[in-house]
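Thanks for coming, everyone. Please have a look at the screen while I talk.

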Amino acid sequence: MSALKRKPVPRLSFSGQSRLPQKAASLHQQVDVQGSAPEEIVRRLSASLAGFEVLIVPGLDGSARHHWQSSWQRLFRANGVAVRRVTQANWSKPDYENWVTALVAAVKKSKKPVLLVGHSLGCLLITHAIKKGLLPETVAGALLVAPADVENGPELERYRVAAFSPVPLSPLPFPSVVVGSRNDPWLSVTSARKFARHWSASFVDAGRKGHIGNQSDLGDWLDGLLFLDRLTQTVLLEKTGLSRHQKRVLQ
């Protein structure tokens, strides 16, 4: 692996480092009163993702049809963005070795640079695979949403994820963004910031969104799409070496 280190929403319809919270706020000014994104924003996001494959990495209990990860998968497929999902044999009883194997196999199938989009235990899965040196250099970046603090999560649920403890705290070798919620039962803001610091990732405070999962009812989660776009722009700048002027950065 390379050692590159670095410091309810309605459905959207497509046509067509950095200080993330400030940038995202400027984009919100372009959202219409119905809450849907202007075509210019989604067109640019599609263009940003054209050179990548998005690999969705669900967590404990998987991502239901209404989960934002599932919404993104449908959204991207409908608009020509390469996207796949890691599949696991048993979402409710995660087997550590089998889950790691499935993630690595999914990444190795990609023909393009990979952007990982993890949620909850899926984020921990990514960090464990990195710590073990199993992910290929084709992984270009990661959006890590509500990474599960398996050592301090809900007491009645910890036994289900005990095999993923302790949380790996080594720097990630590619640009990454950690998204945390202020009322997440699986992750305090303090822990989210700590993980981001140890992983050399940017941190985004998503507000009060619970665990940002199946129970959060976020639709296509516009904020998350904006965070993904900013991550993509960072990857393009750092991986391709092109100048900022050559990038179509969302403003």
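I will walk through the sheet, then its strands, then the helices and loops, and finish with the cores.

One thing up front: this is a predicted model.

Let's start with the sheet. How many strands form it, and in what order? Six strands form an open sheet, and the order is 2-1-3-4-5-6. The pairing is parallel. In general, strands of a sheet pair through backbone hydrogen bonds, either parallel or antiparallel. Now the edges. Strand 2 and strand 6, residues 202-205, stand there. Each has a single partner strand, so one side of each is left without a neighbour in the sheet. The sheet also twists, by an average of 20° from one strand to the next.

Next, the edge at strand 2. Strand 1 covers residues 53-57, and four bridges join it to strand 2. The two run parallel. As one example, I56 stands opposite R85 in strand 2.

Strand 2 itself spans residues 82-85, and A82 lies in it. Is A82 buried or exposed? Neither, quite: A82 is partly exposed, with a relative accessible area of 23%. The cut-off for buried is under 20%, so 23% does not qualify. Leaving aside residues up to four places away in sequence, A82 touches F52, E53, V54 and K112. Look at K112. In sequence, A82 and K112 are 30 residues apart. In space, their C-alpha atoms are 8.8 Å apart.

Now move to strand 3, residues 114-119. Five bridges join strand 1 to strand 3, again parallel. In that pairing, V57 stands opposite G118. On to strand 4, residues 139-145. Six bridges join strand 3 to strand 4, and these two also run parallel. Here V114 stands opposite V139. How does the chain get from strand 3 to strand 4? The chain crosses through helix 5, and this β-α-β crossover is right-handed.

How well covered is strand 3? Six of its six residues are buried. That holds on both faces. V114, L116 and G118 are on one side, and L115, V117 and H119 are on the other.

Helices next. Helix 3 runs from residue 68 to 78, and eight of its 11 residues are buried. Among them are W68, W72, Q73, L75 and F76. Let's stop at Q73. Q73 sits in helix 3, and its relative accessible area is 9%, so Q73 counts as buried. What does the side chain of Q73 meet? A polar contact of 2.8 Å joins the side chains of Q73 and R85. Remember R85: that residue stands opposite I56. Q73 also touches I56, V83 and R84, not counting residues up to four places away in sequence. Just after helix 3 comes G80, with a positive phi of about 80°.

At the other edge, helix 6 covers residues 189-198. Helix 6 lies across strand 5, residues 176-180, and strand 6. Its angle to strand 6 is about 160°.

Three loop residues deserve a stop. S120 is in the loop between strand 3 and helix 5. Its phi is near 55°, a positive value in a residue other than glycine. S120 is buried, at 5% relative accessible area. Then S200, in the loop between helix 6 and strand 6. S200 has a positive phi of about 60°, and S200 is not a glycine. S200 is buried too, with a relative accessible area of 17%. Last, P166, in the loop between strand 4 and strand 5. The peptide bond from S165 to P166 is cis, with omega near 0°.

Finally, the cores. The largest nonpolar core has 41 residues. Which residues have the most contacts inside it? They are L103, L116 and L135. Strand 1, helix 4, strand 3, helix 5, strand 4 and helix 6 each supply at least two residues of this core. Helix 4 gives the most, with eight residues. There is also a second, separate core of 30 residues, which includes I56, V83, A206 and L225.

Back to L116 for a moment. Not counting residues up to four places away in sequence, L116 touches nine others on the list, including L55, V57, L135 and V139.Two of these you have met already: V57 stands opposite G118, and V139 stands opposite V114.

That is the tour. Thank you.

Key: Residues are numbered from 1 along each chain as its sequence is written. This is a predicted model: local features need pLDDT of at least 70, side-chain atom pairs count only at pLDDT 80 or more; totals for chains, interfaces and linings use all residues. Side-chain values use heavy atoms; hydrogens and water are left out. Buried means under 20% relative accessible area, exposed over 50%, partly exposed in between (1.4 Å probe, protein chains only). Contact means heavy atoms within 4.5 Å. A polar contact is a pair of N or O atoms within 3.5 Å; within protein, one must be able to donate a hydrogen and the other to accept it, and residues adjacent in sequence count only if both atoms are side-chain atoms. Two strands pair if DSSP finds at least two bridges between them. Axes are lines fitted to C-alpha atoms, for helices over the stretch in contact, and angles run from 0 to 180 degrees between N-to-C directions. A nonpolar core is a set of buried Ala, Val, Leu, Ile, Met, Phe, Trp, Tyr and Cys residues joined through side-chain atoms within 4.5 Å. A crossover is right-handed if, with the strands pointing away from the viewer, the path from the first strand over the helix to the second runs clockwise.
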